[in-house]
Amino acid sequence: MPRVLLLEDDPAIADTMLFALRREGLEVEHVSWLTEARQRLQNAPPDLAVFDLGLPDGNGLDLCRELRTAGSRLPLMIVSARAEEWDRVLGLELGADDYLAKPFSPRELVARVRALLRRAQAPVAAAPTGFQIDGLAVRYRGQVLSLTRRELGLLKKLLAAPGRIHSREALLDAVWGQEAESGDRTVDTHIKTLRAKLREVAPELDPIRTHRGLGYSFELG
């Protein structure tokens with residue numbers, strides 16, 4: 001049975017989340033403080049952590065940053081009343097795998113938790129199926145892809161963390177660096193041309209997924 005650590009200091013919201021998750025057969029441990037969460041994560045690591053940001057003894061983003069800096073691959077899901085695009089992007093940039101804004105539907109919460117658990121339990125491939133990358137040479141399903149330097153940079157960044165949502169800002173920084181003339185539109189344009197080249201090889205697939213208001217991810221399949 002998958003084990004979930006829930007870090008939420010509001011009793012009413014915690015009760016709703018506990019009921020929804022346990023009803024789906026998940027084993028959920030609830031804590032209200034960052035210090036408690038850190039102890040549980042160290043002593044009995046769960047399969048997934050769901051946490052708020054504003055907590056009595058700190059910010060949930062600090063926990064997210066600590067885990068990713070330490071190399072943890074534990075699936076992390078933020079559930080917060082901070083619903084602005086900047087907050088969502090920051091949470092994802094610091095390593096969260098998903099971000100659900102309050103108020104939320106318990107059914108959506110459960111669906112997202114299930115999706116993260118499925119992704120974490122899926123066999124890890126050495127490289128995404130169908131790709132062979134050797135320096136600047138790229139083959140997709142046996143066919144050579146003619147990619148620009150920027151398209152190749154975007155592809156490598158997305159492939160490095162399948163399933164992770166990369167904000168436009170992160171992609172821009174990773175591929176374009178400090179080039180002042182580049183912006184979000186530049187990323188969108190190059191993603192569009194990269195998608196088109198992948199579809200020329202496999203028209204039935206669209207592995208690059210757009211997350212409205214957040215960015216892009218590469219989905220294996």
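**Charged side chains: one patch and several pairs**

Glu84, Glu85, Glu93, Glu169 and Asp173 together form a negative patch on the surface. Two elements each give two or more residues to this negative patch, namely helix H4 (85-93) and helix H7 (168-175). The model discussed here is a predicted one, and the account that follows moves from this patch to the charged side chains that are paired. Within the patch, Glu85 is a convenient residue to inspect: Glu85 is found in helix H4, and its relative accessible area is 44%. Because a residue enters a patch when its relative accessible area is over 30% and it has no salt bridge, the 44% of Glu85 is in keeping with its place among the patch residues.

The paired side chains come next. Side chains of opposite charge can pair when their charged atoms come close. In this model the count comes to 15 salt bridges, taking a side-chain nitrogen of Lys or Arg within 4 Å of a carboxyl oxygen of Asp or Glu as the criterion. One of them joins the side chains of Arg38 and Glu66, with an N to O distance of 2.8 Å. This pair links distant parts of the chain, since Arg38 belongs to helix H2 (residues 34-43) and Glu66 to helix H3 (residues 60-69), the two being 28 residues apart. Arg38 is partly exposed at 30% relative accessibility, and Glu66 is likewise partly exposed, with a relative accessible area of 37%. Glu66 therefore passes the accessibility cut-off of over 30% that is set for patches, but a patch residue must also have no salt bridge, and Glu66 has one with Arg38.

A further salt bridge is formed between Asp98 and Arg112, whose closest N and O atoms are 2.9 Å apart. Here a strand is connected with a helix: Asp98 lies in strand S7 (residues 98-101) and Arg112 in helix H5 (residues 106-121), so that the pair links distant parts of the chain, 14 residues apart. The acidic partner, Asp98, is buried, with a relative accessible area of 14%, whereas the basic partner, Arg112, counts as partly exposed at 25%.

With Arg168 and Asp188 the burial falls on the basic side chain. These two residues form a salt bridge in which the closest N and O atoms are 2.7 Å apart. Arg168 lies in helix H7 and Asp188 in helix H8 (residues 184-201), so the pair ties together parts that are 20 residues apart in sequence. Arg168 counts as buried at 17% relative accessibility, because buried means under 20%, while Asp188, at 24%, counts as partly exposed. The side chains of Arg168 and Asp188 are also listed as making a polar contact of 2.7 Å. Helix H7, which holds Arg168, is also one of the elements that give two or more residues to the negative patch described at the start.

The last group goes beyond a pair, for Glu8, Asp52 and Lys102 are linked in a network of salt bridges. Within this network, the side chains of Asp52 and Lys102 are joined by a polar contact of 3.0 Å. Asp52 is situated in the loop between strand S3 (48-51) and strand S4 (54-55), and despite this loop position Asp52 counts as buried, with 8% relative accessibility.

Conventions:
Residues are numbered from 1 along each chain as its sequence is written. This is a predicted model: local features need pLDDT of at least 70, side-chain atom pairs count only at pLDDT 80 or more; totals for chains, interfaces and linings use all residues. Side-chain values use heavy atoms; hydrogens and water are left out. Patches are made of residues with over 30% relative accessible area and no salt bridge: like charges are joined within 9 Å, nonpolar side chains (Val, Leu, Ile, Met, Phe, Trp, Tyr) within 5 Å. Accessible areas come from the Shrake-Rupley method with a 1.4 Å probe; for residues, only the protein chains shown count as cover. Lys and Arg count as positive and Asp and Glu as negative; His and the chain ends are not counted. The place of a charge is taken as NZ of Lys, CZ of Arg, CG of Asp or CD of Glu. Helices (H or I, at least four residues) and strands (E, at least two) are DSSP runs, numbered from the N terminus. Buried means under 20% relative accessible area, exposed over 50%, partly exposed in between (1.4 Å probe, protein chains only). A polar contact is a pair of N or O atoms within 3.5 Å; within protein, one must be able to donate a hydrogen and the other to accept it, and residues adjacent in sequence count only if both atoms are side-chain atoms.
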